[in-house]
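Q: I have a model open and would like to talk it through piece by piece. Could you take my questions as they come?

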Amino acid sequence: MRLERREHRPLLLLIGAPIAAIVAALALSGILIAIAGAPVLDAYRRILVGAFGSRLSATETLTRATPLILTGLAAAVAFRARLWNIGAEGQFYLGAIAVAAFGSRLLAELPGPILIPLLLVVGAIAGMALILVPLWLRLRFSVDEVVSSLLMNFIAVLFVSMLIDGVLKDPLAFGWPQSQAVADHATLPKLIARSRLHIGLVIAMVLAVLVYLVQSRTVFGMQSRAAGLNPQGALFAGVPLGRTLVKVACLSGGLAGLAGAIEVMGVKGYVTTDLSPGFGYAGIVVAMLANLNPIGVVFAALFTAIMFVGADGMSRSLGIPTYIADVTVALALLTMLVALFFTQYRIRR
Amino acid sequence: MSVVFDILASAGLWAAILRIATPLIFGTLGALLCERAGVLNLGIEGIMTFGAMIGWLAVFHGADLWTGVLVAAISGALFGVLHSLLTVTLGLSQHVSGLGVTLFASSFSYYVFRLVVPVAGTPPTVMPFQPIDIPALSSLPFIGPAFFTQTAPTYLAIVVALIMAYIIFHTPVGLAIRMTGENPHAAEAQGVNPMKVRYGTVIVGSALMAVGGAFLTLSAFNSFFPTMVQGRGWICIALVVFASWRPGRALFGALLFAFFDAFQLRLQTVVEGVPYQIFLMTPYILSIFALALMARRARVPQALMQPYRRGER
């Protein structure tokens, strides 16, 4: 038996493979649910009900999908250029804390219509600033950015922890380490009244379309793809490799920083060190599930959000640990990798 | 300055160095073995987490400590099989597969742990490895408590490092591993099967990573809690680069790193006015610094991260 590259790829396979991957992941975690002694189909039904069963749960799912779309895009644009930015978690926190700092004090005097866009930009810039460290290390010292950006996550979270325990600490939080809240007029408008769903979802979806257009229609998009597919070839063809990577990194870090900014301005209002239940890492999965396609990221983020929000409800009623959502999503990443591989290769005897 | 000397003169510091270094030695050696054959194993963080969980769980359910370590090693080997299937057989991106293995292994460990141990006030504990009393040596003043009051896995880690250095540089197996990591096509021409070598090293390497994790729950602490590995796996990946892919230097690197870590822990208690987070950052900053220092100088295995497909270039 050996593997052979496919000469043509039937349309049915291209559509079927991702679906098969998701089904396989759900089947595998079904085994884990069964081992825990719960009825599998009932558990999945409860996940769906928990994610969409009521107006409240549906808006909660969409609220959860919003940062995932942005961190998913952050990973997707970087990975396409083979820039392994695993630091979205840290960039998310830096974006969040920058907004908390500027939105609670430094710029809080500004009127809302000016303040809100300004704060979003501030969050994005904070994310960019953080990713430039691993990028600089790669370009200057040939340090693999996977490890350096991962390590930066720990540093960033500790930095945030230091700020919310120090200069940015909310004196009214009963000694709890928590940042001061952003001004009321800096919070994002709600999309639906009496829910947590905010305009950030629209921003994220518009950005997904914009990223898609940039990648498919602009010179920069072509250059970033070329830098990923074949750096030597790209250099030979006149692609300014270093400059392209800097732009890609800024886009990626900016999106992750924006995710943090939007989460603070749209949902929490302040920063704690559990602001993100791993949005940065989940973004990597979202990007891979979408095969790095920006539009696909929206759907992959929705799938991930359904699993997380739905598993909360399911866990309460059936006693299955909520970590089943993390397991399913991680399994989906692995099965998707294999499924996408078999759209390119086939097994020959 | 006298504060610094006081810390350096305490036997506790030196004992802590060996203790902190042990999981790093196992993890770094595991990652190093995989990379010597050309496979980057970013599954390390998750594999260490799973090893910590399953080793602890086995002992919690009545197995003896060494059985716990063995169970952890077997679980690590199984994750090694998974990583090999993805990166060696299918030749998928080693970065992405490794991160996938880490995400799966760590969330799977938390799931199993929560299933067996529901949320409780104080996490349940096991009786961990006890320090071995070495006749004569352990009773020496200063030297005894500083270097000869470790638990058995610590000595095992040092022995494994020496054995691995011998195997890699002085045996035919080691030569096959190095050839596969430098040029799998040439290795195949010499009658070495690169696929088998890569499977073998990734499986053994992953088992070592899991043993490093198990040390955390069976010797350094006595219970398991989520996120307890805290980036040690990533630090190991950085240490491999720092060690320039040599087991002896990996041992040295892990000890040096542990020295700084143990030192900052003690400095934290005597220096006032500096936020504790600054101290906690130092291990990660040091790792990045070590990477920047060594990345250009180190001789990377030439076929690292390149999938091998027979007859394909």
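**Working through the model**

A: Gladly, and a good place to begin is Val329(A), which counts as buried because 26 other C-beta atoms lie within 10 Å. Please keep in mind throughout that this is a predicted model.

Q: Where does Val329(A) sit in chain A?
A: Val329(A) belongs to helix 13 of chain A, which covers residues 323-344.

Q: And which residues does Val329(A) touch, leaving aside its neighbours within four places in sequence?
A: With those neighbours set aside, Val329(A) is in contact with Ala282(A), Val285(A), Thr304(A) and Met307(A). As for Val297(A), its C-alpha is 14 Å from that of Val329(A), the two being 32 residues apart in sequence.

Q: Which residues have the most contacts inside the largest nonpolar core?
A: Those are Val99(A), Val297(A), Leu333(A) and Leu239(B), within a core of 226 residues. Helix 6 of chain A, residues 145-164, gives the most to this core, with 14 residues.

Q: What is Leu239(B) in contact with, again without its neighbours within four places in sequence?
A: Leaving those out, the contacts of Leu239(B) are Leu24(B), Thr28(B), Ala250(B), Gly253(B), Ala254(B) and Phe257(B).

Q: Switching to the interface, how many residues of each chain are in contact with the other?
A: On the chain B side there are 34 residues, and they are in contact with 36 residues of chain A. Three helices of chain B, namely helix 5 (94-116), helix 11 (232-242) and helix 13 (276-294), each supply at least two residues of the side that touches chain A. The largest share of that side, 13 residues, comes from helix 5 of chain B.

Q: What is the make-up of that side by class?
A: The side of chain B that touches chain A has 25 nonpolar, 7 polar and 2 charged residues.

Q: Pro283(B) caught my eye; is it buried or exposed?
A: Pro283(B) counts as buried, since it has 23 C-beta neighbours inside 10 Å, and its place is in helix 13 of chain B. Apart from its neighbours within four places in sequence, Pro283(B) is in contact with Ile235(B) and Asp261(B). Gly100(B), by contrast, is 183 residues away from Pro283(B) in sequence, with 25 Å between their C-alpha atoms.

Q: What about helix 7 of chain B, how far does it reach?
A: Helix 7 of chain B, residues 152-170, has 19 residues and spans 27 Å from its first C-alpha to its last, which is close to the 27 Å expected at 1.5 Å a residue.

Q: Which of its residues are buried?
A: In helix 7 of chain B the buried residues are Pro153(B), Thr154(B), Ala157(B), Ala161(B), Met164(B) and Ile168(B). They lie on the same side of the helix, because they cover an arc of only 105° around the axis. The face turned away from that buried side carries the exposed residues Val159(B), Leu162(B), Ile163(B) and His170(B).

Q: And what do the buried ones pack against?
A: The buried residues of helix 7 pack against five named elements of chain B: helix 2 (11-36), helix 4 (65-89), helix 8 (172-182), helix 10 (194-220) and helix 12 (247-270).

Q: Which residues here have a positive phi although they are not glycine?
A: Gln230(B) is one of them, with a positive phi of about 50°, and Trp245(B) is another, at about 60°. Gln230(B) is found in the loop between helix 10 and helix 11 of chain B, while Trp245(B) is in the loop between helix 11 and helix 12 of chain B. Gln230(B) is partly exposed, with 16 other C-beta atoms within 10 Å, whereas Trp245(B) counts as buried because it has 21 C-beta neighbours inside 10 Å.

Q: Where does UniProt place the transmembrane regions of chain A?
A: An unreviewed UniProt entry places them at several spans, including residues 12-41 and 278-311 of chain A. In the model, residues 12-41 of chain A are 87% helix and 0% strand, with their end C-alpha atoms 27 Å apart. Residues 278-311 of chain A are 85% helix and 0% strand, and there the end C-alpha atoms lie 16 Å apart.

Q: And for chain B, what does the record give?
A: The unreviewed UniProt entry lists, among others, residues 12-32 and 65-86 of chain B as transmembrane regions. Residues 12-32 of chain B are 100% helix and 0% strand, with end C-alpha atoms 30 Å apart. Residues 65-86 of chain B are also 100% helix and 0% strand, with a separation of 32 Å between the end C-alpha atoms.

Definitions and conventions:
Residues numbered from 1 in each chain as written. Chains lettered and ligands numbered in written order. Predicted model: local features only at pLDDT ≥ 70, side-chain atom pairs only at ≥ 80, totals over all residues. Helix = DSSP H or I, 4+ residues; strand = E, 2+ residues; numbered from the N terminus. Buried ≥ 20, exposed ≤ 12 C-beta atoms within 10 Å, placed from the backbone. Contact = placed C-beta atoms within 7 Å. Nonpolar A, V, L, I, M, F, W, Y, C, P; charged D, E, K, R; others polar. Expected span 1.5 Å × (residues − 1). Arc of directions from axis to C-beta. Core = buried A, V, L, I, M, F, W, Y, C linked by C-beta atoms within 7 Å. UniProt positions renumbered as here; feature names shortened; annotations may be inferred.
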